[in-house]
Amino acid sequence: MSDEVQTQSAFTPRVFSGIKPSGGLTLGNYLGAIKRFVDMQGSGIETIYCVVDMHAITVWQDPSELRRATREIAAGYIASGLDPEQSILFNQSQVSAHAELGWIFNCVARVGWMNRMTQFKEKAGKNAEKQSLGLYAYPSLMAADILLYHATQVPVGEDQKQHVELTRDIAAKFNHDYKVDFFPETEPVIQGAGTRIMSLRDGTSKMSKSDVSDASRINMTDDADKIAKKIRKAKTDPDALPSEAAGLEGRAEARNLVNIYASLQGKTLEEVLPEVGGMQFGTFKPMLADLAVDKLAPISTEMARLMDQPDEIDAILIKGAEKAREIAQPILERTYDIVGMLR
Ligand code: AQP
């Protein structure tokens, strides 16, 4: 390694996270990720939020639908309270340094590490051989997304914890192999009751935007009637709600609905159980539906307004990408120097 390469040992706190436009936003994305993004925006730390379109194409995406979903996620960010003047908002493919650092990390990450990624196993199922190489390698690109900004904190839902840990392993191996202290050990920020929102049809599987059943999820664009209907039809059990968390043992669907109720109010499960304990689902579900509509309607109304102004969204993303490049490019160039690439 060249002695001239500047290394860094103290990292300025910086937040990075993203959502992939593989469909419309769900309540899971909102409670597990976007709500946290908004909380962190005001914390005095620089915040960078990306629409990770390069991750979306790890499974087939119709090009015009990908453009639409990219704008919808950007609209969801803004409508939920992310301010393009306070946070950097952009889509990943506009900053080519993500792909470039991703390649370097493909050469740092080990096949054995990737083989342990549970999300690939879940998504690929029995058809692993037929999946794209990109789906298998995507956690390494995710590490590049984060480390390209020397991000120290990544707000994510529970399902992404393993990938942030892999990011730390990649950073540590890079630093060790090249004898530098260049990439930070990023911390996942997994907080609140909404870190793992489950399907409304099956309390043991995650609410996902690509689930074949629309009834399994609440989309951020669903209207009040649809939200109420989906909650009314959500799978439950015949018992009343308990007043203490122990009473939710073995009741995945009941736990999920109470979690959603708590998270929408920014409270913990323990804080809301005394209020809802003893209620039958016939009473609780309409109350939950009213709360969900109350919280989501202003967001979906603003999303619809923004989606009618695609040029406005595109301009925000272009401007955000310029700001992102200003941070990313020097870090990429220093990485090339460390690795020994002549430029
Ligand atoms: N159900 C969920 N509960 C809590 N957090 C969730 N997140 C996703 N689903 C839930 C969080 O949202 C962020 C963005 O996720 P993503 O869209 O990049 O990828 P994903 O986790 O694979 O989301 P989906 O909806 O399941 O997408 P598909 O169906 O296309 O794979 C992450 O922080 C994630 O934790």
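This report describes the surroundings of the ligand and the aromatic pairs in a predicted model.

## The ligand and its pocket

The ligand occupies a space that is the largest pocket of the structure. Among the elements around it, β1 (14-19), α1 (27-41) and α6 (118-124) are the ones that give two or more residues to the shell around the ligand. Of these, α1 makes the greatest contribution to that shell, with 4 residues.

The ligand is surrounded by 23 residues, and those that come nearest are K123, D159, S208, K209 and S210. Sorted by class, the shell consists of 12 polar, 6 charged and 5 nonpolar residues.

## Polar contacts and cover

Several polar contacts can be followed from the ligand to particular residues of the protein, and two of those described here involve lysine side chains. In the side chain of K123, which is also listed among the residues that come nearest to the ligand, an N or O atom is 2.2 Å from an oxygen atom of the ligand. A polar atom in the side chain of K206 likewise lies 2.8 Å from a ligand oxygen atom.

With I197 the contact is made through the backbone, where a polar atom is 2.7 Å from a nitrogen atom of the ligand. On its own the ligand has 650 Å² of accessible area, and the protein covers 97% of this area.

## Aromatic pairs

The structure contains 12 aromatic pairs, and one of them is formed by F16 and Y149, whose rings are stacked, with 5.4 Å from centre to centre and 10° between the planes. This pair links distant parts of the chain, since F16 belongs to strand β1 while Y149 lies in the loop between α7 (133-147) and β4 (153-155), and the two residues are 133 residues apart. The strand that holds F16, β1 (14-19), is also one of the elements that give two or more residues to the shell around the ligand.

Terms used. Residues are numbered from 1 along each chain as its sequence is written. This is a predicted model: local features need pLDDT of at least 70, side-chain atom pairs count only at pLDDT 80 or more; totals for chains, interfaces and linings use all residues. Side-chain values use heavy atoms; hydrogens and water are left out. A residue is near a molecule or strand if one of its heavy atoms lies within 4 Å of it. A polar contact is a pair of N or O atoms within 3.5 Å; within protein, one must be able to donate a hydrogen and the other to accept it, and residues adjacent in sequence count only if both atoms are side-chain atoms. Accessible areas come from the Shrake-Rupley method with a 1.4 Å probe; for residues, only the protein chains shown count as cover. On a 1 Å grid over the protein atoms alone, a cavity is a set of points where a 1.4 Å probe fits but cannot get out, and a pocket is an open set with protein on both sides within 12 Å along at least five of seven lines; lining residues have an atom within 4 Å of a point. A molecule sits in a cavity or pocket if more than half of its atoms lie within 2 Å of its grid points. Ala, Val, Leu, Ile, Met, Phe, Trp, Tyr, Cys and Pro count as nonpolar, Asp, Glu, Lys and Arg as charged, and the others, Gly among them, as polar. Rings of Phe, Tyr and Trp (its six-membered ring) pair if their centres lie within 6.5 Å; planes under 30 degrees apart count as stacked, over 60 as edge-to-face and the rest as tilted.
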